[in-house]
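Q: I'm new to this one and would like a close look at a single part and whatever ties into it. Please keep it relaxed and explain the terms as you go.

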Amino acid sequence: MKLLVAAMASELAAFPEELEGFDQLVTGEGKMQAVFALTRALDAKEYSEVVVVGTAGGIDPELDATAHEIGSALQHDVFDLDGVAGQHVSLPARVSTGREGVLIATGDSFVGDAGITAVIRPSGAGLVDMETYAYIWVAQQFGVPIRAFRAISDRAEDGALVDFREAIARCSVQLREVIRREYGV
């Protein structure tokens with residue numbers, strides 16, 4: 001059995017309530033809720049794989065507004081003792097799914113400001129979100145393989161929140177197609 005994970009129920013709107021071979025988990029938004037919910041799920045039951053679906057802001061203008069597989073994640077909103085951005089005092093700077101894909105920058109606030117994206121962009125991240133780093137880190141702690149797919153909902157700049165709200169349904173359909181293509185269900 002695999003575990004299909006999303007932060008918000010609306011990201012699963014295009015998915016059937018029952019998906020063969022998958023349990024489903026909605027964690028809530030942000031790193032803390034992601035860590036808590038996924039840890040509880042993986043502690044309660046053994047899964048062969050965690051599959052994350054959800055939305056992300058696209059900060060690389062070269063990325064099409066479609067769904068992308070995530071290869072690795074960093075935290076854009078942490079600093080080490082020397083004040084180095086993206087370096088946590090006790091967690092790895094980057095975590096990886098072990099697959100080819102886009103680098104995503106995870107932080108606990110919705111990014112909807114051109115100034116913030118300008119600060120994150122030099123990290124090499126193509127996307128921003130609020131949970132992927134946490135999901136990957138937790139799956140690694142349990143030794144469970146993980147894949148993550150994020151559909152671009154907005155460009156993470158001025159007006160992003162309005163774009164995001166309007167784009168969730170479109171993103172859910174894109175993500176449903178990815179799961180159908182990748183897993184045959």
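Let's start with F22: is F22 buried or exposed, and what is its relative accessible area?

A: F22 is buried, with a relative accessible area of 7%. Here, buried means under 20% relative accessible area, exposed means over 50%, and partly exposed is in between, using a 1.4 Å probe and protein chains only. Before going on, a word on the model: it is predicted, so local features need pLDDT of at least 70 and side-chain atom pairs count only at pLDDT 80 or more, while totals for chains, interfaces and linings use all residues. Residues are numbered from 1 along each chain as its sequence is written, and side-chain values use heavy atoms, with hydrogens and water left out.

The structure holds one aromatic pair, and F22 is part of it: F22 and Y183 meet edge-to-face, 5.5 Å centre to centre with 90° between the planes. For such pairs, the rings of Phe, Tyr and Trp (its six-membered ring) must have centres within 6.5 Å; planes under 30 degrees apart are stacked, over 60 edge-to-face, and the rest tilted. F22 sits in strand β2 and Y183 in helix α4 (residues 160-183), so the pair ties together parts that are 161 residues apart in sequence. Helices (H or I, at least four residues) and strands (E, at least two) are DSSP runs numbered from the N terminus.

Strand β2 also leads us to helix α1. The buried residues of α1 are K31, A34, A37, L38, A41 and L42. They cover an arc of only 140° around the axis, which puts them on the same side of α1; that arc is taken from the directions from the helix axis to the C-beta atoms. These buried residues pack against β1, β2, β3, β4, β6 and α3, where contact means heavy atoms within 4.5 Å. On the other side of α1, you'll find M32, F36, R40, D43 and A44 exposed.

K31 deserves a second look. It is buried, with a relative accessible area of 9%, and it forms a salt bridge with D77, the closest N and O atoms being 2.7 Å apart. K31 is in helix α1 and D77 in the loop between β4 and β5, so the two tie together parts 46 residues apart in sequence. D77 itself is partly exposed, at 30%. A salt bridge is a side-chain nitrogen of Lys or Arg within 4 Å of a carboxyl oxygen of Asp or Glu, and the structure holds nine of them.

Strand β4, which α1 packs against, brings in E69. The side chains of R99 and E69 meet in a salt bridge at 2.8 Å, N to O; R99 is in the loop between β5 and β6 and E69 in strand β4, 30 residues apart. R99 is partly exposed because its relative accessibility is 38%, whereas E69 counts as buried at 18%. R147 also forms a salt bridge with E69, at 2.9 Å, N to O. That one links strand β8, home of R147, to strand β4, across 78 residues. Both R147 and E69 are buried. Through shared partners, salt bridges join E69, R99, R147, R181 and E182 into one network.
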